[in-house]
Amino acid sequence: MFCAKLKTDQPALDYQPFPGPLGERLISSISMPAWQMWLGHQTKLINEYRLDLLDEKSQQFLEEEMLSFLFEE
């Protein structure tokens, strides 16, 4: 598949990481290597900002950062 992040053909994700339209967008345009890059970056953000993943504001922040990281939005 052509990866929107890496701009090359890469192995596809083998699972949908989110439900709904966002998950469909991710599985159709983000590769496994790009997703792994995001997971590493996400861990850094969680640690750096000391995010509480049960907090809705933290979840929203991570989703916005993910879209920016993967799709340069």
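In this predicted model, the buried residues of helix 1 pack against two partners, helix 2 (32-49) and helix 3 (56-71). Helix 1 itself spans residues 20-29, and its buried members are Leu-22, Gly-23, Leu-26 and Ser-29. These residues cover an arc of only 160° around the axis, which places them on the same side of helix 1. The face turned away from that buried side carries Pro-21 and Ser-28, both of them exposed. Helix 1 thus offers a good starting point for a first look at the fold, with a buried side that meets helix 2 and helix 3 and an opposite face with exposed residues.

Stepping back to the whole chain, the protein contains three helices and zero strands. Followed along the sequence, the pattern reads α-α-α. The overall dimensions can be described in two ways. Along the principal axes, the C-alpha atoms fill a box of roughly 35 × 25 × 20 Å. The radius of gyration is 12 Å, in agreement with the value near 11 Å that a compact globule of 73 residues would have.

Burial and contacts add to this view. Of the 73 residues, 32% are buried. Contacts between residues at least 6 apart in sequence include many that span long stretches of the chain: 50% of them join residues at least 24 apart. On the outside, the protein exposes about 4800 Å², and carbon and sulfur atoms supply 53% of that area. The protein carries 6 positive and 12 negative charges, and the mean positions of the two sets are 6 Å apart.

Helix 3 supplies several residues that are worth visiting one at a time. Ser-58 is found in this helix. With a relative accessible area of 7%, Ser-58 is buried, because residues under 20% are counted that way. Apart from residues up to four places away in sequence, Ser-58 touches Leu-51 and Asp-52.

Further along helix 3 comes Glu-65. Its relative accessible area of 27% makes Glu-65 partly exposed. When neighbours within four places in sequence are left aside, Glu-65 is in contact with Trp-38 and Leu-45. Glu-65 and Leu-45 are 20 residues apart along the chain, while their C-alpha atoms are separated by 9.0 Å.

Phe-69 also has its place in helix 3. At 17% relative accessibility, Phe-69 counts as buried. Not counting residues up to four places away in sequence, the residues touched by Phe-69 are Lys-5, Ala-34, Met-37, Trp-38 and His-41. Trp-38 is therefore a shared partner, being in contact with both Glu-65 and Phe-69. A further pair to look at is Phe-69 and Gln-42, which are 27 residues apart in sequence and 9.6 Å apart in space, C-alpha to C-alpha.

The segment before helix 1 also merits attention. Ala-12 lies in this segment and is partly exposed, with a relative accessible area of 40%. Once neighbours within four places in sequence are set aside, Ala-12 is in contact with Met-1 and Met-32. Ala-12 can also be placed relative to Leu-22, one of the buried residues of helix 1: the two are 10 residues apart in sequence and 16 Å apart in space, C-alpha to C-alpha.

Lys-7 belongs to the segment before helix 1 as well. At 51% relative accessibility, Lys-7 counts as exposed. The backbone of this residue is also of interest. Most residues other than glycine have a negative phi. Phi of Lys-7, however, is near 60°, a positive value in a residue other than glycine.

A second case of this kind is Arg-50, with a positive phi near 50°, again in a residue other than glycine. Arg-50 lies in the loop between helix 2 and helix 3. Its relative accessibility is 75%, and Arg-50 accordingly counts as exposed.

Conventions: Residues are numbered from 1 along each chain as its sequence is written. This is a predicted model: local features need pLDDT of at least 70, side-chain atom pairs count only at pLDDT 80 or more; totals for chains, interfaces and linings use all residues. Side-chain values use heavy atoms; hydrogens and water are left out. Helices (H or I, at least four residues) and strands (E, at least two) are DSSP runs, numbered from the N terminus. The radius of gyration is taken over C-alpha atoms; the globule rule is 2.2 Å times the number of residues to the power 0.38. Buried means under 20% relative accessible area, exposed over 50%, partly exposed in between (1.4 Å probe, protein chains only). Contact means heavy atoms within 4.5 Å. Accessible areas come from the Shrake-Rupley method with a 1.4 Å probe; for residues, only the protein chains shown count as cover. Lys and Arg count as positive and Asp and Glu as negative; His and the chain ends are not counted. The place of a charge is taken as NZ of Lys, CZ of Arg, CG of Asp or CD of Glu. The arc is that of the directions from the helix axis to the C-beta atoms.
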